[in-house]
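Please go through the assignments one at a time. For each label, I would like to see the value set against its definition before a conclusion is drawn.

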Amino acid sequence: MPTVMLRMNEAGQLTFYVPKKDLEETVVSMEKEGSDGWGGEVTLSDGSLFYLDPLPEAPKLPITLRARRGGGA
Amino acid sequence: MTVMTREETEALIQEVLEIYPEKAKVDRAAHLALNDHEAEQAKKCITSNKKSLPGMMTIRGCAYAGSKGVVWGPIKDMIHISHGPVGCGQYSRAGRRNYYIGTTGVNTFVTMNFTSDFQEKDIVFGGDKKLDTMIDEIEKLFPLNKGITIQSECPIGLIGDDIEAVAKKKNKETGKTVVPVRCEGFRGVSQSLGHHIANDAVRDWALDARDDDDSFATTPYDVAIIGDYNIGGDAWSSRILLEEMGLRVVAQWSGDGSIAEIELTPKVKLNLVHCYRSMNYISRHMEEKYDIPWIEYNFFGPTKTAESMRKIASHFDESIQAKCEEVIAKYRTEWEQVIAKYRPRLEGKRVMLYVGGLRPRHVIGAYEDLGMDVVGTGYEFGHNDDYDRTIKEMGNATLLYDDVTGYEFEEFVKKVKPDLIGSGIKEKYIFQKMGVPFRQMHSWDYSGPYHGFDGFAIFARDMDMTLNNPCWAKLKAPWLKDESAEEALAASA
């Protein structure tokens, strides 16, 4: 359960930052984005998968959340 | 030797690795790489932020160095206690040249060494009482201090002292900020974790002091300089540019900074991050908690400075953007003269760097403005994200070395034959004895400032003064040398 921080980078892309692992990648796709909530399965630009417990609506960024590692990675 | 090809660089790395035993070879191979613009992510070509191998001569520091030496140390109106045995504080005292304004020993304390000087009995019975007494003495002797930080040395963590309890007690008694910092030297693989711990200590013990206090009059143009340690006056030469642009610099973190500035930082509109490595943590925290955006900037060399000033201005309204152009225009003749004077003397020279923090990538632009090529660079304690940012700055097929060992660095220099090396004091005399011009790029070799347009003039002069110094020709025996060339160059100065 790594702690991750989600923020918009200068180019306006959603980035996923895991301080402990020095991992800073942009988010390629997120399962739920829009009316059905926010979160779920997240794919990063390096191909790794994470899972965020879905929030009812898009939060104010940046935000620190607990994520679960997904996809057996 | 001219520019090296991919194959030559690869062969060089293999050749240098040859001497290591099998296991060490595998480990070190991951830390040496050649730059490849195609690589989108640094982690695919270079490994960083890993423990140095025992037996290797590394150039890294410890977590205490990262916290006391880098982040907390320059805050001038606080007293930073080196809590533990006397050596850590004494041998790092005043070495970093963080300039500040104030009367040392009266209202500022940066170059002084305060230590609890642990003895055997403190290890056996614990040092909390001693710390308590020490803070009382400090209050008596230096009543104008604005706060105290307790910078732990290794034994504090090992014997399990409760410095947090002492800090809370003393905070109640004196009403001043007292910050316990758990930066014992054994934590982490380098000083980098010390930066992180220090950032977290700022967040937990100091940053939110004025959250409920709106008495500070803000303007829409408030900014903070984050991660500029005012080495040789760097922050000052950056600050004047920002102020000329019409911005108001509320805080300097932490060169020539004070605790009041730190407490006011949550009120600014934009955080300007120079040293990403040591202060990105607090910038991210302020973005999340106070909604303050942060941007990275680079004030080395006129090209990058102008680029960064425009980038900063783009976050404000048109009046700032117009003033930014005016400031750039104002300094243009100044820096063009500097380039006109020094570029012919430095053109085409090749530089190898090995430093820490932001410099391995930030100073590349300044060298390029002088027509010099950086052919190798590396971080003492960089992380993945640093190398991600470096790949774009460096030329293709140039050398990248992470946590380079003494042996590797010497071998690289022998083969690459750079005209100038920029690294630290421990490397300086080895390379000078090898006959290679050297600049100590941690504290600018007792010169500086190097930031901003004013700093660039000093930077260019220093590089010329070192590279074209006639002494390099005197290293050869008199009957072997060809003296006409060097003296002609010296005469042209």
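Burial, charge pairs and geometry

Q: Why is Arg461(B) called partly exposed?
A: Arg461(B) has a relative accessible area of 38%, and the scale used takes under 20% as buried, over 50% as exposed and what lies in between as partly exposed (1.4 Å probe, protein chains only), so Arg461(B) belongs to the middle class. The model is a predicted one, in which local features need pLDDT of at least 70 and side-chain atom pairs count only at pLDDT 80 or more, whereas totals for chains, interfaces and linings use all residues. Side-chain values use heavy atoms, without hydrogens and water, residues are numbered from 1 along each chain as its sequence is written, and chains are lettered from A and ligands numbered from 1 in the order in which they are written.

Q: What makes the contact of Asp462(B) and Arg461(B) a salt bridge?
A: The term requires a side-chain nitrogen of Lys or Arg within 4 Å of a carboxyl oxygen of Asp or Glu, and the N to O distance between the side chains of Asp462(B) and Arg461(B) is 2.8 Å, so the pair qualifies. Asp462(B), at 0% relative accessibility, counts as buried. Salt bridges that share partners also join Asp132(B), Asp136(B), Lys169(B), Lys170(B) and Glu173(B) into one network, and the count over all chains comes to 44 salt bridges.

Q: How do you know that Glu184(B) forms a salt bridge with Arg187(B), and which of these two residues is buried?
A: The closest N and O atoms of Glu184(B) and Arg187(B) are 2.8 Å apart, which means that the distance condition is met. Glu184(B) is the buried partner, with a relative accessible area of 0%, while Arg187(B), with a relative accessible area of 29%, is partly exposed.

Q: Why is the meeting of Glu24(A) and Arg284(B) called a salt bridge?
A: The side chains of Glu24(A) and Arg284(B) come to 3.1 Å, N to O, so they fall inside the limit. The pair crosses between chains, from strand 3 (residues 23-34) of chain A to helix 12 (residues 276-290) of chain B, where helices (H or I, at least four residues) and strands (E, at least two) are DSSP runs numbered from the N terminus. Glu24(A) and Arg284(B) are both buried.

Q: Why is helix 12 of chain B described as largely enclosed by the rest of the structure?
A: Of the 15 residues of helix 12 of chain B, 13 are buried, so the description follows. Asp291(B), which follows helix 12 of chain B, is partly exposed at a relative accessible area of 47%; its phi is positive, about 65°, although Asp291(B) is not a glycine.

Q: What is the phi of Asp403(B), and why does Asp403(B) count as buried?
A: Asp403(B) has a positive phi of about 45° although it is not a glycine, and its place is in the loop between strand 12 (399-401) and helix 18 (406-416) of chain B. The relative accessibility of Asp403(B) is 2%, so it falls in the buried class. Most residues other than glycine have a negative phi, and most peptide bonds are trans.

Q: What is the omega of the cis peptide bond between Leu61(A) and Pro62(A)?
A: Omega is about -5° for the cis bond joining Leu61(A) and Pro62(A), and Pro62(A) lies in the loop between strand 5 (49-55) and strand 6 (63-70) of chain A. In chain B, the bond from Trp253(B) to Ser254(B) is likewise cis, with omega near -15°.

Q: What makes helix 13 of chain B roughly antiparallel to helix 20 of chain B?
A: Helix 13 (residues 302-313) and helix 20 (residues 452-467) of chain B pack at an angle of about 170°, with axes 9 Å apart. Angles under 35 degrees count as roughly parallel, over 145 as roughly antiparallel, 65 to 115 as roughly perpendicular and the rest as oblique, so the pair is roughly antiparallel. The contact (heavy atoms within 4.5 Å) is made by residues including Met309(B) of helix 13 of chain B and Phe456(B) of helix 20 of chain B.

Q: Why is Gln440(B) called buried?
A: Gln440(B) has a relative accessible area of 4%, so it meets the buried criterion. Gln440(B) lies in strand 14 (residues 438-440) of chain B, and a polar atom of its side chain is 2.8 Å from the backbone nitrogen of His442(B).

Key: Polar contact = N/O pair within 3.5 Å; in protein donor to acceptor, adjacent residues only side chain to side chain. Axes fitted to C-alpha atoms, helices over the stretch in contact; angles between N-to-C directions.
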